[in-house]
Amino acid sequence: MSVIIRIIGENDQSDEFLAAERLKKIIEETVPNKVFGEIILFPSATLYGQTVKDIDLMMIGHLKNYSVKTSFYHKDSFEEDKVFIESFCTTIEVKSHTASGIMREGTNWKVKYNNGWHNVTKQSNDQRIAAKKFFENSLGKTPFITNLIWFTEITDTELRNLQTVNGSNILSNVLPDNFDFSYIAKLLVLQRIPWMKNGNYFFECGFGGNDVEAYRKPLAFFSKAKEGMGDLTRKKIEQITQSVLDEYLPSFQDGKMSIIRGRAGSGKTIDLIRIAVKLVEEKGVRVQILTYNRALVSDIRRLFALAELPDMFEEKCVAINTMQSYFYNLINSCLYNGNLTGDVFLKNYQSLLTELLDFLRSGVEAQQIIKEICNDNTKLHWDYVFIDEAQDWQSVERDLILLLYNAAHIFIADGGNQFVRMSESCDWTIVDSRENIKLKYCLRQKRNIVKFINQFVSLYNVNYSKIISSEKMAGGKIIIICDDSQLYRVLRNEHKNIQKAGNIPYDMLYLVPNTLVTHDEEASFCLIQEFEENGIFLWDGTNQKYRLDYAIDPNEARVFQYESSRGLEGWTVCCIHFDEYLKIKEQQYEPSIGANALFLESAEERKNKYLLNWAMIPMTRAIDTLIITLKNKDSKVAQQILSLAKKNLDYVEII
């Protein structure tokens, strides 16, 4: 045989690597000697940048002189003929279940775990879709992706019995423990109609022999990303994976809901993740973290990928999702049988949530129906739910969670006065039995930045609690830029400083007002080309298309709109046209919202509290360096910032 077969990856004796070795041997023993080409086997492939990121085994190859006689659909008819296999790109989901733990239900294959039956067909299909998107994003093109399920511990006879329906053996994309390569070829042909040339049928996936290496490189990119992740990310991973937790670990018992409270930078989100990981490791459960902010979801998914935490399709895992995606999947599956589109869901969000709430409140039977549907859907079957930025939830969203989960399986992170969606805090204390945890100190920002922010807060004359800095976080600096012509010189210098500190450009975060974002079909940061011309490369988080993905190039800094910054952080954060941003927020202010005579607040106090809330969200993102650029140095906000800067010239630089 003249086919070169390579296994890419470290021999870690995992099920995936052992499966790759078995497949390599099968190919070597069953492909004829006259065939030549190359096949790459990539066990435990990580689709870095994708929501579905874990692929048990990727198989990419091109062949010459290999054909198989098989049946296939062609021109609306089923025929049998010889098909030449030229190229393929295939995801393979590997399962070690025995026949008693496998069943076929319609077109779906399911496997049994401790917490019930898991739809492995849907898992495999989602991986195929993720692989397609992965190659499109990394190469600008994609091959036709096929997908297989390999039950490594059942015989061909057992598989045939499972596939037999009314006496007929119904083929699917499933492999038994042992087979020859022609069996794989036949299953691939079932997934894409062969094309005819010069009287012969051919199967291919859209690339030639020279492209195999091109498609291999993105799959190997994850290893490079791990090597160059930077100290900031590395420390976060150490935090969330360390085995010892602090003394305030929730008990998750006695029917008590856990609430952790703390200001921005107090470590609430990291604690949520750490505790979730601990639960998964010790109890073998599935934990879902929900938040409103898509940008935060993408940032945490990157962290999970680099920490090599299992993704949401595994039996036990911790996953991060937006509340909207969770409620969409829930309502679509439970009330609309999968026929609800995303656009219709978003347009009718409030009424659909109310519809589900009314159904759940109709009785125990309704709740049991919802539970049974959720148990059969990996995206909905969670043992625990953790909620980040819970103060910004709506009451209907809160009430749904309280009906869907036992209180002892709910963990709430409350960020106090940080509102993006609501003008008043969502009250989770309606749950009588709860366990409260208070985080006092700011663990994100260095002391000088905290001092500057607290002085800014004092200018607004409202009841707004100041940030308490950690004694361990010494240092920090502020740069105020009034002259845009100096912007790129300063930014290039700060990018160098980031790398000197052991971090990477990814750890530089840019925040911009909506006036610097185009509002066409595919919104984007207006100055992105200008930034690149000045040697600063950006991952554009202002573009909705990429919001749930994450930056995979460590040499790209991130840019988001101000409103998307809650929960994010950077070693250095640049707030561009900060005065313009607050001007827009002042124009959007509605005096009637939040008015309550019982609070004894004047109209001016309510307005100042509103503006201060929006100012604090971006100002509390930086760890070491906060850069603020001012569009109009004569504006009220600019004058406030400059006045504070002149009082603190020992750690504030004015340009």
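**Notebook: aromatic pairs, two sheets and a pocket**

I began with the rings and found that the structure, which is a predicted model, holds 25 aromatic pairs. The one I looked up in detail is formed by F327 and W393, whose rings meet edge-to-face with 6.3 Å from centre to centre and 70° between the planes. I note the edge-to-face label follows because the angle between the planes is over 60 degrees. This pair links distant parts of the chain, since F327 belongs to helix α9 (residues 323-335) while W393 sits in the loop between β19 (384-387) and α13 (395-404), the two residues being 66 apart.

Next I turned to the sheets. I traced an open sheet of six strands with mixed pairing, and I wrote down its order as β1-β2-β3-β6-β10-β13. Its edges are β1 (2-7) and β13 (174-175), each of which has a single partner strand, so one side of each is left without a neighbour in the sheet. Within this sheet I followed strand β2 (residues 36-46) and strand β3 (residues 54-64), which run antiparallel and are joined by ten bridges. Which residue of β3 stands opposite P43? I found L57 in that position.

I then traced an open sheet of four strands, again with mixed pairing, in the order β4-β5-β15-β14. Here β4 (67-74) and β14 (195-197) stand at the edges with a single partner strand each, so each has one side without a neighbour in the sheet. I recorded an average turn of 50° between neighbouring strands of this sheet, with direction ignored. The pairing of β4 with strand β5 (residues 77-85) is antiparallel and extends over eight bridges, and I noted V83 in β5 as the bridge partner of V68. Which helix lies across β4, β5 and β15? I identified helix α4 (residues 181-189), which lies across these three strands and runs at about 20° to β4.

Last, I looked at the largest pocket, for which I noted a volume of about 1,300 Å³. Its lining consists of 49 residues, and those closest to the pocket centre are Q239, G267, I270, L443 and R444. I also checked which helices contribute to the lining, and I found that α6 (231-241), α7 (268-283) and α8 (294-306) each supply at least two residues. How is the lining divided by class into nonpolar, polar and charged residues? I recorded 16 nonpolar, eleven polar and 22 charged residues.

Note on methods. Residues are numbered from 1 along each chain as its sequence is written. This is a predicted model: local features need pLDDT of at least 70, side-chain atom pairs count only at pLDDT 80 or more; totals for chains, interfaces and linings use all residues. Side-chain values use heavy atoms; hydrogens and water are left out. Two strands pair if DSSP finds at least two bridges between them. Axes are lines fitted to C-alpha atoms, for helices over the stretch in contact, and angles run from 0 to 180 degrees between N-to-C directions. Contact means heavy atoms within 4.5 Å. On a 1 Å grid over the protein atoms alone, a cavity is a set of points where a 1.4 Å probe fits but cannot get out, and a pocket is an open set with protein on both sides within 12 Å along at least five of seven lines; lining residues have an atom within 4 Å of a point. Grid points are joined across faces, edges and corners, and a volume is the space filled by probe spheres set on the points. Ala, Val, Leu, Ile, Met, Phe, Trp, Tyr, Cys and Pro count as nonpolar, Asp, Glu, Lys and Arg as charged, and the others, Gly among them, as polar. Rings of Phe, Tyr and Trp (its six-membered ring) pair if their centres lie within 6.5 Å; planes under 30 degrees apart count as stacked, over 60 as edge-to-face and the rest as tilted.
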